Amino acid sequence: MSLSAAEDDSGSEIHTQEDIDWHMLDKSKFFFLGAALFSGVSAALYPIVVLKTRQQVSSTQISCIKMSFSIMRYEGLRGFYRGFGTSLMGTIPARALYMGALEATKSSVGTATVSLGFSDTMATAIASAAAGLSSAMAAQLVWTPIDVVSQRLMVQGCNNSNSSRNVIPNVNSCRYRNGLDAFRKILHADGPKGLYRGFGISILTYAPSNAVWWASYSVAHKLIWGGFGCSMGKKDENGVVGCSGFRPDSKALVAVQGLSAAMASGISALITMPLDTIKTRLQVLDREEKGIRKPLTVLQTVRNLVKQSGLAACYRGLGPRWASMSMSATTMITTYEFLKRLSTKSQEA
């Protein structure tokens, strides 16, 4: 019995559109349309990622508004899109790995948990958490090198603006013309391990973050539908409102998906923010030893971070990260569900 079949037999009377499993998708259409749709989402949200990254590597607290004005004044609009080309090129294969691992794991683990006798809600949460974990680990194989290069390009402009000088004193001093030049110089200076700097902490950040997000999303989705369905249900002959027979329209579906995604993003951002700050600083900053710049270790990164502003420094950039995660997740999940329905195989096939 599959997870979607179990949901149909669970007795729920809120009739949403049927879940689409991995075997029901046209894979070529799924990956091609996914690359196009998610590239657009990445372009819209990229400036927030730049703000978050610069806040995380800054040695002092700078507000988003002040930093935004500084970037616009000294670097112009292109300052908000430093490293975007590199990020976009990496997003396509990374997203393909992510979506493939996500759907395949969710389908197989969902079927296994249902057969073991777990309740519908618990089976969905376990399958979603496992899918988030495996998809994040698969995507990081591609995404970590892209992250290292794009983040170096993001903070490169900080040394050009008078307002930001000395705010990031340990930022890598090497100048990069573009993503390809950065890739070449990092590979030449540090070898392949330079491109995978922070890979371990990236797995520790994104794997639990995705597991928490997908588990929180699935539970929030069910809870909201339970309350929303009952509140919108019709009164019976005794005047009691019931959940039976409620069929939400497309606007209600999008609203619930968006709200569930925003709630899941808030939980995930709060739990994993310190790890994300350490990861970003590890990938961007260096230490100086006898006049030679060397990569920081995780322990040195944590020590420097706490020395600067205490534990609060671990949550520097929380606002932009939560906003980025919420908007990204809301557009991602609605786009993702739309993409799955576009990519469903025809009944005849």
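**Helix packing and some placed residues**

Biologist: Helix 2 and helix 4 are oblique to each other, so at roughly what angle do their axes cross?

Modeller: Heads up, this is a predicted model: local features need pLDDT of at least 70, side-chain atom pairs pLDDT 80 or more, while totals for chains, interfaces and linings use all residues. Residues count from 1 along each chain as written, and side-chain values use heavy atoms, without hydrogens or water. Oblique is what's left after roughly parallel (under 35 degrees), roughly antiparallel (over 145) and roughly perpendicular (65 to 115). Helix 2 (residues 27-57) and helix 4 (residues 84-115) have axes (lines fitted to C-alpha atoms over the stretch in contact; N-to-C angles run 0 to 180 degrees) that come within 9 Å, crossing at roughly 130°.

Biologist: Which residues of helix 4 make that contact?

Modeller: Contact means heavy atoms within 4.5 Å. Helix 2 brings Phe 30, Phe 31, Gly 34, Ala 35, Phe 38, Ser 39, Ser 42, Ala 43 and Tyr 46. Facing them from helix 4 are Phe 84, Ser 87, Leu 88, Thr 91, Ile 92, Arg 95, Ala 96, Met 99, Gly 100 and Glu 103.

Biologist: And helix 2 with helix 11: roughly parallel or antiparallel?

Modeller: Helix 11 covers residues 318-342, and its axis runs 10 Å from that of helix 2. The packing angle is about 175°. From helix 2 the contact takes in residues including Phe 30, Leu 37, Val 41 and Ile 48, and from helix 11 residues including Met 327, Thr 331, Tyr 336 and Leu 339. The pair is therefore roughly antiparallel.

Biologist: Which residues in helix 6 does helix 5 meet?

Modeller: Helix 5 (residues 120-156) and helix 6 (residues 179-190) have axes that come within 10 Å and cross at roughly 115°, so the two are roughly perpendicular. Helix 5 contributes Val 148, Val 149, Arg 152 and Leu 153. Those meet Gly 179, Ala 182, Phe 183 and Ile 186.

Biologist: Staying in helix 5, which side chain does Thr 144 pair with in a polar contact?

Modeller: Thr 144 is at 0% relative accessibility, so it counts as buried (under 20%; exposed is over 50%, partly exposed in between, with a 1.4 Å probe on protein chains only). Beyond four places in sequence, Thr 144 is in contact with Leu 195, Tyr 196, Arg 197, Phe 199, Ser 202 and Gln 283. Its polar contact (here, N or O atoms within 3.5 Å, one able to donate a hydrogen and the other to accept it) spans 2.9 Å, side chain to side chain, and the partner is Gln 140.

Biologist: How far apart are the C-alpha atoms of Ile 126 and Ser 218?

Modeller: Ile 126 is in helix 5 too, and counts as partly exposed at 28%. Leaving out residues up to four places away, Ile 126 touches Val 109, Thr 113 and Phe 118. Ser 218 is 92 residues from Ile 126 along the chain, yet their C-alpha atoms are separated by 9.5 Å.

Biologist: Last one: which residue's backbone oxygen does the side chain of Thr 205 reach?

Modeller: Thr 205 lies in helix 8 (residues 199-232), and is buried, with a relative accessible area of 0%. Not counting residues up to four places away, Thr 205 touches Thr 272, Leu 275, Asp 276, Lys 279 and Arg 321. At 3.3 Å from its side chain sits the backbone oxygen of Leu 275.

Notes:
Helices (H or I, at least four residues) and strands (E, at least two) are DSSP runs, numbered from the N terminus.
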